[in-house]
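Welcome, and thanks for taking a look at this chain with me. Please open the sequence and the structure side by side before reading on.

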Amino acid sequence: MADTSDTRTPAQIEADIRRRREVLAATLDEIGVRVHPKTIVGDAKAKVVSNIDHTLGRAYVQVNRVVSDVRAQFVDEDGAPRLERVVPVALVAVGLVGLLALGARRRRG
């Protein structure tokens, strides 16, 4: 059989009850704050912002990597332009701009 004797005094029992009530009151206050609609909306917004920040950070790193790779194609290790690659690309760009200008001119006329 279990021993059910309690050697605490009534004052000790009352103090224990008082402490437990205070702990329960604090816990209920915390639960009230957590389930409040403004808290839930704020937490959801914070999570979305965090995800967006994470996604933008990853995109920034990826764009940086692509830019570095493209730059490596047109610039040598010393920082000088690689003319054998720059000149053909420049010619293609000038040709495209010329074609676009001719196309726009024909549509107006």
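The report below goes from confidence and overall form to salt bridges and a surface patch.

**Confidence**

Please keep in mind that this is a predicted model. The chain has a mean pLDDT of 90, and 94% of its residues reach 70 or more. Helix α1 has the highest confidence in the chain, at a mean of 95, while helix α3 (residues 83-108) has the lowest, at 89. A general reminder also applies: where pLDDT is low, the predicted coordinates should not be read in detail.

**Overall form**

The chain contains three helices and zero strands. Read from the N terminus on, the order of elements is α-α-α. What radius of gyration does the chain have, and what would a compact globule of 109 residues have? The chain has 36 Å, whereas such a globule would be near 13 Å. The C-alpha trace spans about 100 × 45 × 25 Å along its principal axes.

Burial and surface area can be read alongside those dimensions. Of the 109 residues in the chain, 3% are buried. The exposed surface of the chain is about 10,200 Å², with carbon and sulfur atoms supplying 63% of that area.

**Salt bridges**

The count of salt bridges comes to four. Three pairs are listed here with their N to O distances.

| Pair | Distance |
|---|---|
| Arginine 8 and aspartate 16 | 2.3 Å |
| Arginine 34 and glutamate 30 | 2.6 Å |
| Arginine 82 and glutamate 77 | 3.9 Å |

Let us begin with arginine 8 and aspartate 16. Both belong to a network of salt bridges that links Arg8, Asp16 and Arg19. Arginine 8 counts as partly exposed because its relative accessible area is 37%, which lies between the 20% and 50% cut-offs. Aspartate 16 is also partly exposed, at 21% relative accessibility.

The pair of arginine 34 and glutamate 30 sits within one element: both residues lie in helix α1, four residues apart, or about one turn of the helix. Is arginine 34 buried or exposed? Arginine 34 is exposed, since its relative accessibility is 57% and the cut-off for exposed is over 50%. Glutamate 30, at 42%, is partly exposed.

In the remaining pair of the table, glutamate 77 is exposed, with a relative accessible area of 74%.

**Around arginine 34**

Which residues does arginine 34 touch, not counting residues up to four places away in sequence? Arginine 34 touches Thr39 and Ile40. For a view along the chain, arginine 34 and arginine 65 are 31 residues apart, and their C-alpha atoms are separated by 42 Å.

**A nonpolar patch**

Ile40 appears again on the surface, where Leu28, Ile31, Val35 and Ile40 form a nonpolar patch. Together these residues have about 390 Å² of accessible area. Isoleucine 31 is placed in helix α1 (residues 10-34), the helix that also holds arginine 34. Why does isoleucine 31 count as partly exposed? The reason is its relative accessibility of 45%, which falls between the limits of 20% for buried and 50% for exposed.

Terms used: Residues are numbered from 1 along each chain as its sequence is written. This is a predicted model: local features need pLDDT of at least 70, side-chain atom pairs count only at pLDDT 80 or more; totals for chains, interfaces and linings use all residues. Side-chain values use heavy atoms; hydrogens and water are left out. Patches are made of residues with over 30% relative accessible area and no salt bridge: like charges are joined within 9 Å, nonpolar side chains (Val, Leu, Ile, Met, Phe, Trp, Tyr) within 5 Å. Accessible areas come from the Shrake-Rupley method with a 1.4 Å probe; for residues, only the protein chains shown count as cover. A salt bridge is a side-chain nitrogen of Lys or Arg within 4 Å of a carboxyl oxygen of Asp or Glu. Helices (H or I, at least four residues) and strands (E, at least two) are DSSP runs, numbered from the N terminus. Buried means under 20% relative accessible area, exposed over 50%, partly exposed in between (1.4 Å probe, protein chains only). pLDDT is the predictor's confidence in each residue, from 0 to 100. The radius of gyration is taken over C-alpha atoms; the globule rule is 2.2 Å times the number of residues to the power 0.38. Contact means heavy atoms within 4.5 Å.
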